[in-house]
Amino acid sequence: MDNNMKKRWISLYVENQVGVLSKISGLFSGKCYNLDSLTVGTTEDPTVSRMTIATVSDDETFEQIKKQLNRMIEVIKVIDFTDVFVRMKEILYVKVLKCTPEDKVEIFQIAETFKAKVIDYGKDSLLVEFVQTATKNDAVVKLMKEEFKSIEVVRGGSVGIESISMMER
């Protein structure tokens, strides 16, 4: 692997219309670029959507990606988040199944430690919601897999916005 390979983040403003998501993801797959994460949602302007995309690439490939995105008619603006101060979070749901009463106590402690919320509770299961960086969510998934017999994981992908102040992501 090239020494210059690193995680890159792009934010796109795109026209909010049918087929745009498909065209952009198609650009990545057609060029054999892998999407680590892709989230999309409508902005304050209902005709515009904002995408947050994560990929791993070298500098040259990343510059190519940005140029190709800028050439697309549906793309209004491309913002490179790679070296910018941004606020970035990812939603993660972890459902822990077949819980003992002791497991439930531990899950509540884990939720408190990670500033998460237990959002659903059953006789032998709990559903926990985490909203934090993808790196912290990676650590949570690893911990939960080690600690509990049966878990189900759903991740929502990261969203980001430029910071107002110069604080870390």
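Trainee: Which residue of E7 is the bridge partner of Lys-95?

Mentor: In this predicted model, Lys-95 has Leu-127 as its bridge partner in E7.

Trainee: What makes E5 and E7 a pair of strands?

Mentor: Two strands pair if at least two bridges are found between them. Strand E5, residues 86-97, shares 7 bridges with E7, in the antiparallel sense, so the pair meets the cut-off of at least two.

Trainee: How do you know that E6 and E7 pair?

Mentor: The same rule helps: at least two bridges are needed. Strand E6, residues 117-121, and E7 pair over 4 bridges, again in the antiparallel sense. Val-118, for example, has Val-128 as its bridge partner in E7. A hairpin of 4 residues joins E6 to E7.

Trainee: Why is E7 called mostly covered?

Mentor: Buried means under 20% relative accessible area. In E7, residues 126-132, 5 of the 7 residues are buried.

Trainee: Why is Lys-98 called exposed?

Mentor: Exposed means over 50% relative accessible area. Lys-98 has 55% relative accessibility, so it counts as exposed. You will find Lys-98 in the loop between E5 and helix H3.

Trainee: How do you know that Lys-115 is exposed?

Mentor: Try the cut-off of over 50% again. Lys-115 has a relative accessible area of 75%, so it is exposed. Lys-115 sits in the loop between H3 and E6.

Trainee: What is the phi of Lys-98, and what is that of Lys-115?

Mentor: Lys-98 has a phi near 55°, a positive value in a residue other than glycine. For Lys-115, phi is near 55° too, also positive in a residue other than glycine.

Terms used:
Residues are numbered from 1 along each chain as its sequence is written. This is a predicted model: local features need pLDDT of at least 70, side-chain atom pairs count only at pLDDT 80 or more; totals for chains, interfaces and linings use all residues. Side-chain values use heavy atoms; hydrogens and water are left out. Buried means under 20% relative accessible area, exposed over 50%, partly exposed in between (1.4 Å probe, protein chains only). Helices (H or I, at least four residues) and strands (E, at least two) are DSSP runs, numbered from the N terminus.
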